[in-house]
Amino acid sequence: MEKSFSIPISRRAFMKLVGMGTVGVLAETALPNGKAAAAPAGVNGEGLPTLMTADVCVVGGGAAGTAAAISAARTGAKVVLVERGISLGGLATQGCVFPCMPTYAFDSDTPYIKELNKRIEAKAGFSPVPNVPETDTHYGEGLGVYAPELLTEVYDEWCEETGATILYDAALAGAVVEAGTITACVVQTVEGLGKIQAKTFIDATGDALLSRFAGVPTEKGSETNGRNQPMSLRFEMGGVDVPKVQHFFHDTLKDTWLEENWSKKFKEDVKKGRDPFWEFAKWKKTENLFREAVKKGELTEDDILYIQAFSVPGKPYTMSMNCPEMPPLMFSATDAVSRSKAVSFGRKMMRRLAAYFKGNIPGFEKAYISREASMVGVRESWRIRGKYYMEADDYLKARHFPDAVCRTAYPIDIHDVKLDLFEKLKKGQYYEIPYRALVTNEMSNLLVVGRCASGSFAAQASFRIQPTCMSMGEAAGLAAAWGLSQGVPVNEVKWEDIPAEKRSYVSQ
């Protein structure tokens, strides 16, 4: 007989099930200086069937969560990876966020990233890391260029190989907490509500949702003005004559957005029949081009706030658009209604941009929107307050930590009414992210990875990039499995005491 957990329920019974915690979630209010009140548990799990059990439950299948699940599973831990969509990769696959931003740090690629690059190369037939000479502006690691569909395929296969079980189309709805420990998370599936029980949980939701359900203190937005970083709604255009686009920007406009070594590599790839990589953007040398479109009424000021586009090796005649970026004064990533309205607003911006490219940029004459993001591009929302709280000074002073799980030198990159870039570290410098920024005082069996790890608004603007999130997730997966094998709660694990050969990163 097929198992079912459909729950016919009255409003009174439902309110008893969820408890007053749901009211806390819905009525959450911002505290001064960007802080947010910790939200109690949503659905508390009482009376719900257990859907799955695991050693480690990872919630969120993006860059950080997928890395965490695979890394924990390959040690032999029983892992469940909960994903609300139907593909792994998060913004890289569902949000059309392409390519990864580089770390600008040498030796930052942890073993997981190195293996990912090898797996992508085996599928694509070419390395995802562009073979371009190092310069003063192009150096370090985290340089992977991954076609979204290929990344989805690799992630599915990798999880199957390691034994990590994926639960697609499942949305987190609450947490069951007992004496400072999460015993289960509650998910909404096609069957209804159910619980996933685990010994250790990893919050890779991006919005610190599991942490908030569990009562972990969080912050959101800028400490200065309370605003979140703006959201994007990316898209791809097919039917693009990429060499013609490159000729227009490089030869006609004399644009130097990309250094000359990229142009040489582009022409070499075209000559040899390889998919070339090219990029254009709105900046000081091309701004007049886009400003003219505003004067003509083809684009708005909001449309040209941020424009950037990349060709996609592995997808001929395709360019991925790092735009539009929805106005930060109009929309908030931490307001449900505002976030929804931003999608509709962004889609209108997308249509105007696509029409403008098609009518004004050589190479786009036969272009069309071939793909829209199925996930809004959120740069920043909620961040936890962990055992260690990362701040801008950790970046600016290039701090290293004995319990570091990865390194990066990506600049503090704040998109607001205008782009706010802090002073960049010198070539060869980097800072590290400590394990303590991934664990909390409140929950003994919770790790938090990705863009919702513990840090200030400015610090998060640096550590939010995909390669760094992957490395955080990798370390969390290993630490979760290690803690279980040693009988130590993850918030008491000393990363620096784990044997070096079992760690993904050892501070130098």
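**Exercise 1.** Classify Arg119 as buried, partly exposed or exposed.

Solution. The relative accessibility of Arg119 is 19%. The cut-offs are under 20% relative accessible area for buried, over 50% for exposed, and partly exposed in between, with a 1.4 Å probe and protein chains only. Arg119 therefore counts as buried.

The model is predicted: local features need pLDDT of at least 70, side-chain atom pairs count only at pLDDT 80 or more, and totals for chains, interfaces and linings use all residues. Residues are numbered from 1 along each chain as its sequence is written, and side-chain values use heavy atoms, with hydrogens and water left out.

**Exercise 2.** Find which residues form salt bridges with Glu115, and place them in the chain.

Solution. A salt bridge is a side-chain nitrogen of Lys or Arg within 4 Å of a carboxyl oxygen of Asp or Glu. Arg74 meets Glu115 with the closest N and O atoms 3.0 Å apart. Glu115 lies in helix α4 (residues 111-124) and Arg74 in the loop between α3 (63-73) and β3 (79-82), so this salt bridge ties together parts 41 residues apart in sequence. Helices (H or I, at least four residues) and strands (E, at least two) are DSSP runs, numbered from the N terminus. Arg119 also forms a salt bridge with Glu115, at 3.0 Å from N to O. These two are 4 residues apart in helix α4, about one helical turn. Glu115 is partly exposed at 22%, and Arg74 is partly exposed at 42%.

**Exercise 3.** State where Asp413 and Arg464 lie and whether they are buried or exposed.

Solution. Asp413 is in strand β16 (residues 413-414), and Arg464 is in the loop between α12 (457-463) and α13 (466-486), 51 residues apart. Their salt bridge has its closest N and O atoms at 3.2 Å. Both Asp413 and Arg464 are buried.
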